[in-house]
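Please write a short report on this protein model for a colleague at the bench. Cover a pocket, two helices and a handful of individual residues.

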Amino acid sequence: MSISELTREKDRRLGEILRGMGRVLVAFSGGVDSTFVLKRAQQELGDQVLAVTAASETFPSREFDAAVELAQQFGVAMHNTEVKELENANFVANNPDRCYHCKTGLYSHLQQLAKDLGYPYILDGSNVDDLGDYRPGLQAKNEQGVRSTLQEAGLTKAEIRELSKELGLQTWDKPSFACLSSRIPYGTKIEKWKIDQLDEGEFFLSQLGLYQVRVRHHDKIARIEVMPDEIHKVIEHREAIYDKFSKLGFNYVTLDLQGYRTGSMNEVLSKETKEKVKEASL
């Protein structure tokens, strides 16, 4: 499938934005979006780019290791750091503004790092599609002065995947991933043992060949989300899945018939709450 001229123009605009910055620090998770930002920044700015990957309790170690390996493959300067979300009481309380407190801690940490190392700009991987969901972390990003160059260029997730494929990036078809704490209902305390359950459960499902998975944590109930066209795979492996999840500590293992969708935990929030956060993020 050929890339449209509109997408090409957005990519050219991205290049102009990056060249205008001169020297950047990229918050790099190894996902589709941040990988594309890092590669395009390298193309436009050469060795004036630093990739920073943060280890944390809510980010699987295999994802951290994969991000480090990818940055090394690119040959960009790399800095590894660590954040401790579970030491932040506002994060652990898991209220609807949880992501705001998480991102505030991360971005303030990166701001100090950028200042110490002499990088005037911090870039994240937020794209245009992210503006349509409930994302209180966007407010923290704006407050901390982090730039979302993909949004500034008008690029959507689908366009980023197209351009990533053309660049030969191995992440072009990588499943979307979000902080594991996003699988726990608001008002329920974030605890390490829950994070570990979710991590192991999702990894097990991915090893069964399921492309996009989420395990939502409802105390003793695990609610599994997969793409609608892969629901039959869950049924085929139901005995193995139940056996694994019961060993993880779940009494009931359920399949969400609506299928995978981003932000399903936000469906319980009122329209007013979502609008307030969206307004604060603009």
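Helices and strands here are DSSP runs, numbered from the N terminus; a helix needs at least four residues and a strand at least two. The model is predicted.

**The second largest pocket**

With elements named that way, the lining of the second largest pocket can be described. Helix H3 (61–74), helix H9 (192–207) and strand S5 (213–218) each supply at least two of its residues. H9 gives the most, with three residues. The volume of this pocket is about 310 Å³. Its lining counts 14 residues. Nearest the centre lie Glu63, Pro175, Phe177, Ser206 and Tyr211. By character, the lining splits into six nonpolar, three polar and five charged residues.

**Two helices**

Helices H2 and H5 can be set side by side.

| Helix | Residues | Number of residues | First to last C-alpha | Expected span | Glycine just after, with phi |
|---|---|---|---|---|---|
| H2 | 32–45 | 14 residues | 20 Å | 20 Å | Gly46, about 60 degrees |
| H5 | 98–117 | 20 residues | 29 Å | 28 Å | Gly118, about 80 degrees |

The reach of H2 is close to the expected value. So how much of H2 is covered? Mostly covered is the answer: eleven of its 14 residues are buried. The buried set holds charged side chains as well as others, including Asp33 and Arg40. Val32, Phe36, Val37, Leu38 and Leu45 are also among the buried residues of H2.

H5 likewise has a reach close to its expected span. Its buried residues are Arg98, His101, Cys102, Leu106, Tyr107, Leu110, Leu113 and Ala114. What do they pack against? The partners are strands and helices. The strands are S1 (24–27), S2 (49–55), S3 (77–82) and S4 (121–123). The helices are H4 (89–92) and H6 (137–143).

Both helices are followed by a glycine with positive phi: Gly46 just after H2, and Gly118 just after H5.

**Glu225 and its surroundings**

Glu225 sits in strand S6 (residues 221–226). Is this residue buried or exposed? Its relative accessibility is 0%, so Glu225 counts as buried. The side chain of Glu225 has a polar contact of 3.0 Å with the side chain of Arg216. Beyond four places in sequence, Glu225 touches Gln212, Val213, Arg214, Arg216, Asp256, Gly259, Tyr260, Arg261 and Ser264.

One of those partners, Arg261, lies in the loop between strand S7 (252–255) and helix H12 (271–281). Arg261 counts as buried because its relative accessibility is 16%, and buried means under 20%. Two polar contacts of its side chain stand out. One joins it to the side chain of Gln258 at 3.4 Å. In the other, a polar atom of the Arg261 side chain lies 2.9 Å from the backbone oxygen of Gly259. Further along the chain, leaving aside neighbours within four places, Arg261 is in contact with Arg216, Arg223, Glu225, Asp256 and Glu267.

**Met265 in the loop between S7 and H12**

Met265 is also placed in the loop between S7 and H12. Its relative accessible area is 9%, so Met265 is buried. Which residues does Met265 touch, not counting residues up to four places away in sequence? They are Ser182, Arg183, Ile184, Pro185, Tyr186, Arg216, His217, His218 and Arg223. Arg216 thus recurs: it is touched by Glu225, by Arg261 and by Met265. Met265 and Pro96 are 169 residues apart along the chain, and their C-alpha atoms are separated by 9.8 Å.

**Positive phi outside glycine**

Two further residues deserve a look. Asn94 has a positive phi of about 60 degrees although it is not a glycine. Its place is in the loop between H4 and H5. Asn94 counts as buried because its relative accessibility is 0%.

Asp219, in the loop between S5 and S6, has a positive phi near 60 degrees and is likewise a residue other than glycine. Is Asp219 buried or exposed? Its relative accessibility is 56%, so Asp219 counts as exposed. The two residues thus part ways on accessibility: Asn94 is buried, whereas Asp219 is exposed.

Terms used: Residues are numbered from 1 along each chain as its sequence is written. This is a predicted model: local features need pLDDT of at least 70, side-chain atom pairs count only at pLDDT 80 or more; totals for chains, interfaces and linings use all residues. Side-chain values use heavy atoms; hydrogens and water are left out. On a 1 Å grid over the protein atoms alone, a cavity is a set of points where a 1.4 Å probe fits but cannot get out, and a pocket is an open set with protein on both sides within 12 Å along at least five of seven lines; lining residues have an atom within 4 Å of a point. Grid points are joined across faces, edges and corners, and a volume is the space filled by probe spheres set on the points. Ala, Val, Leu, Ile, Met, Phe, Trp, Tyr, Cys and Pro count as nonpolar, Asp, Glu, Lys and Arg as charged, and the others, Gly among them, as polar. Buried means under 20% relative accessible area, exposed over 50%, partly exposed in between (1.4 Å probe, protein chains only). A polar contact is a pair of N or O atoms within 3.5 Å; within protein, one must be able to donate a hydrogen and the other to accept it, and residues adjacent in sequence count only if both atoms are side-chain atoms. Contact means heavy atoms within 4.5 Å. The expected span of a helix is 1.5 Å times one less than its number of residues.
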